[in-house]
Amino acid sequence: MQQQKELIVITGAGQRVGLYCAQALLKQGYALAVSYRTFTPGIEALQQAGALCLQADFNQLAQLASFIEALAPYPAIRAVIHNASSWQPDLPLAGHTAQQTTLSLLQQDAAVFDSMQQVHARAPYLLNRALLPKLLAGPGPADIIHLTDFVASVGSSKHQAYAASKAALENLTLSLARQLAPKVKVNAIAPALLMFNDNDDAAYRQKALAKSLMAIAPGPDEVLQSVLYLLTSRYITGRVLALDGGRHLQLP
């Protein structure tokens, strides 16, 4: 198989930000390979537009291996964008009962923590290492872009395991940037609020918007423009690009 277009790999492209970026990058002329856990109308649309869409649960090593092996026909990769994510809350401490054993409580909390680390840190770590020969094989520079989160730098009261896993991913960004320069640039994009869900009520939306100075939900195009900026830059590596609307300056 001859690769006529530069290939970009996006994980978790079935909906929202991942889907938006995938559709835009296809229109820009890139070849695209994406992963998804659940088949969605967005994945069907990407398939019809010519993207290689591969079902994979990256918590399962066998499925991660199958995803990597499906990319074997491509001699080189222009960029890997790690967008796959899961926003799993910590279990409420109030939910613990006297009837539960210490072991059962530890098992429940460990399951949340391990799940967050697997999807946000372990899978990108493994995927980057496995795809590195293809990232190095292209004629020009390549990129690794990690999608992290505003809470990676400030923590979270109800999503501690999630925030810790995104912080781990930001640390991997630093290590890889140092290791792979100058051939591969490695950066992260850390959004705060980008877009609401359809079922978010007015009170929640007002409270969420008030957390940032800009007081808007800018939508997925903010991430796309950041991705394009990093792809075209010749000089940026090892950085976390914050998309937080000035939230870092708001008083608690």
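**Buried charges, lone cysteines and two helices**

A polar contact of 3.1 Å joins the side chains of Asp-244 and His-248. These values come from a predicted model, and Asp-244 is a handy place to begin looking around it. Asp-244 sits in the segment after β7. The residue is buried, yet no salt bridge goes with it. The nearest side chain of opposite charge belongs to Arg-247, and that one is 7.5 Å away. A salt bridge calls for a nitrogen and an oxygen within 4 Å, so the Arg-247 side chain, at 7.5 Å, doesn't make the cut. Asp-244 does have company from elsewhere in the chain: leaving out residues up to four places away in sequence, it touches Phe-150, Ala-192 and Ser-212.

So where do the salt bridges turn up? A search of the whole structure comes back with 3 of them. One pairs Arg-78 with Glu-6, with 3.9 Å between the closest N and O atoms. This pair links distant parts of the chain, since Arg-78 is in the loop between α3 (61-70) and β4 (79-82), while Glu-6 is in the segment before β1 (7-11), 72 residues apart. The two partners also differ in how much of them is covered. Arg-78 counts as buried because its relative accessibility is 9%, whereas Glu-6, at 42%, counts as partly exposed.

Arg-78 has another partner as well. It forms a salt bridge with Asp-143, and here the closest N and O atoms are 2.7 Å apart. Arg-78 lies in the loop between α3 and β4 and Asp-143 in strand β5, so this pair ties together parts that are 65 residues apart in sequence. Both Arg-78 and Asp-143 are buried.

Asp-143 in turn meets Lys-185, side chain to side chain, in a salt bridge of 2.6 Å from N to O. Once again distant stretches are linked: Asp-143 is in strand β5 and Lys-185 in strand β6, 42 residues apart. Asp-143 and Lys-185 are both buried. Put the pairs together and a chain of partners appears, with Glu-6, Arg-78, Asp-143 and Lys-185 linked in a network of salt bridges.

Cysteines tell a simpler story. The search for disulfides across the whole structure finds 0. Cys-21 is in no disulfide, and the nearest cysteine sulfur, that of Cys-53, is 15 Å away. Seen from the other end, the sulfur of Cys-53 has its closest cysteine sulfur in Cys-21, and 15 Å is too far for a bond. For a disulfide, the two sulfur atoms would have to be within 2.5 Å. Buried or exposed: which word fits Cys-21? Cys-21 is buried, with a relative accessible area of 6%. Cys-53 is buried too, at 12%.

Two helices are worth a stroll along their length. Helix α6 covers residues 160-180, which makes 21 residues. At 1.5 Å a residue it should span 30 Å, and its end C-alpha atoms are indeed 30 Å apart, so the two figures agree. Its buried residues include Ala-161, Tyr-162, Leu-169, Leu-172, Leu-176 and Leu-180. Lys-166 and Glu-170 are also among the buried residues of α6. What covers them? Among the covering elements are α4 (102-136), β5 (142-147), α5 (151-154), β6 (184-191) and β7 (240-243).

Helix α8 has 12 residues, 221-232. From its first C-alpha to its last it reaches 16 Å, close to the 16 Å expected at 1.5 Å a residue. Its buried residues are Val-223, Leu-224, Ser-226, Val-227, Leu-228, Leu-230 and Leu-231. The elements covering these include β1, α1 (16-27), β4, β5, β6 and β7.

Helix α1 brings up one last residue, Arg-16, which has its place there. Arg-16 counts as partly exposed because its relative accessibility is 35%. Where in space is Leu-194, compared with its place in sequence? Arg-16 and Leu-194 are 178 residues apart in sequence, but their C-alpha atoms are 9.9 Å apart in space. Setting aside neighbours within four places in sequence, Arg-16 is in contact with Met-195, Phe-196 and Asn-197. With Met-195 there is a polar detail to add: its backbone oxygen lies 3.3 Å from a polar atom of the Arg-16 side chain.

Key: Residues are numbered from 1 along each chain as its sequence is written. This is a predicted model: local features need pLDDT of at least 70, side-chain atom pairs count only at pLDDT 80 or more; totals for chains, interfaces and linings use all residues. Side-chain values use heavy atoms; hydrogens and water are left out. Helices (H or I, at least four residues) and strands (E, at least two) are DSSP runs, numbered from the N terminus. The expected span of a helix is 1.5 Å times one less than its number of residues. Buried means under 20% relative accessible area, exposed over 50%, partly exposed in between (1.4 Å probe, protein chains only). Contact means heavy atoms within 4.5 Å. Lys and Arg count as positive and Asp and Glu as negative; His and the chain ends are not counted. A polar contact is a pair of N or O atoms within 3.5 Å; within protein, one must be able to donate a hydrogen and the other to accept it, and residues adjacent in sequence count only if both atoms are side-chain atoms.
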